[in-house]
Amino acid sequence: MHNTGTWNSDLACIFFLCLLAPIAWYFFVAALEAQAAVNAHKATKPKAPKKPSATKPSKPMQISVSFNLPNLKASGQQSQSKVSKPPKKVVSQPKAKSKPKPKVKPKAKPNPQKSLTSSVFQNEAVSALSGLGFRKSDASKIVKDVSSKKEYDSTESLVKACFMCI
């Protein structure tokens with residue numbers, strides 16, 4: 001029987017096996033080496049001598065576990081066991097005299113510079129500069145600085161002046 005596709009099925013199987021055989025062989029060898037290492041470790045590990053159990057019978061190990069869970073039972077029922085924590089020891093320390101805080105003088109705010117240019121032109125210039133990659137805060141600072149020095153009649157002239165200032 002012959003395939004109608006472009007690949008012969010025998011050729012595809014051979015190609016697939018040649019591709020996967022080295023990978024499978026690598027992992028097979030790695031698994032064998034790991035098993036050999038575990039066996040070698042077990043063989044070199046010294047065994048402790050066993051104590052005779054006839055002298056003392058061994059007691060079964062008892063493990064107790066307690067959980068502090070919320071009471072999920074009905075409101076009328078009491079929880080069977082309550083866990084109480086030991087009270088913490090309170091150590092009183094002598095009170096230190098607090099240092100008086102220095103008075104902070106309010107910083108003098110700079111006088112806002114009166115803008116000579118229209119706020120519409122300023123907003124458009126900030127928008128244009130932020131669209132060109134400047135941060136909006138940096139762009140607004142530059143525009144406010146430039147527009148306070150001179151009156152601009154268009155957004156384009158204001159943006160050009162901002163670039164000259166930069």
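Let's start with A125: setting aside neighbours within four places in sequence, A125 is in contact with V143, T155, L158 and V159. This is a predicted model, and the chain in it has four helices and zero strands. A125 sits in helix α2, and its contacts lead nicely into the rest of the briefing.

**The chain as a whole**

- Along the sequence, the helices follow one another in the pattern α-α-α-α.
- Of the 166 residues in the chain, 11% are buried.
- The accessible surface comes to about 16700 Å², and carbon and sulfur atoms hold 61% of that area.
- Among contacts with a separation of 6 or more, 56% are between residues 24 or more positions apart.

**A125 and the nonpolar core**

- A125 counts as buried because its relative accessibility is 0%, under the 20% cut-off.
- From A125 to K160 the distance is 9.5 Å, C-alpha to C-alpha, although the two are 35 residues apart in sequence.
- A125 belongs to the largest nonpolar core, a set of 12 residues.
- The other members of this core are V126, L129, A139, I142, V143, V146, Y152, L158, V159, A161 and C162.
- Helices α2, α3 and α4 each supply at least two residues of the core.
- V143, L158 and V159 are core members, and each of them is also a contact partner of A125.

**How α3 meets α4**

- Helix α3 covers residues 136-149 and helix α4 covers residues 155-165; their axes come within 9 Å and cross at roughly 105°.
- That crossing angle falls in the range of 65 to 115 degrees, so α3 and α4 are roughly perpendicular to each other.
- On the α3 side, the residues that meet α4 are I142, V143, D145, V146 and S147.
- On the α4 side, the partners are L158, A161, C162 and C165.
- Sorted by type, the residues of this contact are seven nonpolar, one polar and one charged.

**Y152 and its partners**

- Y152 is also listed in the largest nonpolar core.
- Apart from neighbours within four places in sequence, Y152 is in contact with T117, F121, V146, S147, S157, L158 and A161.
- V146 and S147 in that list are α3 residues that meet α4, while L158 and A161 belong to the α4 side of the helix contact.

**Two residues in the loop between α1 and α2**

- K114 lies in the loop that runs between α1 (9-44) and α2 (119-131).
- T117 has its place in the loop between α1 and α2 as well.
- K114 is exposed, because its relative accessible area of 69% is over the 50% cut-off.
- T117, by contrast, is buried, because its relative accessible area is 6%, under 20%.
- K114 and D145 are 31 residues apart along the chain, with 9.9 Å between their C-alpha atoms.
- T117 and V146 are 29 residues apart along the chain, and their C-alpha atoms are separated by 9.3 Å.
- Not counting residues up to four places away in sequence, T117 touches Q122, S147, K150, E151, Y152 and L158.

Definitions and conventions
Residues numbered from 1 in each chain as written. Predicted model: local features only at pLDDT ≥ 70, side-chain atom pairs only at ≥ 80, totals over all residues. Heavy atoms only, no water. Buried < 20%, exposed > 50% of the residue type's maximum accessible area, 1.4 Å probe, protein only. Contact = heavy atoms within 4.5 Å. Areas by Shrake-Rupley, 256 points an atom, 1.4 Å probe, with all protein chains shown as cover. Axes fitted to C-alpha atoms, helices over the stretch in contact; angles between N-to-C directions. Parallel < 35°, antiparallel > 145°, perpendicular 65-115°, else oblique. Nonpolar A, V, L, I, M, F, W, Y, C, P; charged D, E, K, R; others polar. Core = buried A, V, L, I, M, F, W, Y, C linked by side-chain atoms within 4.5 Å.
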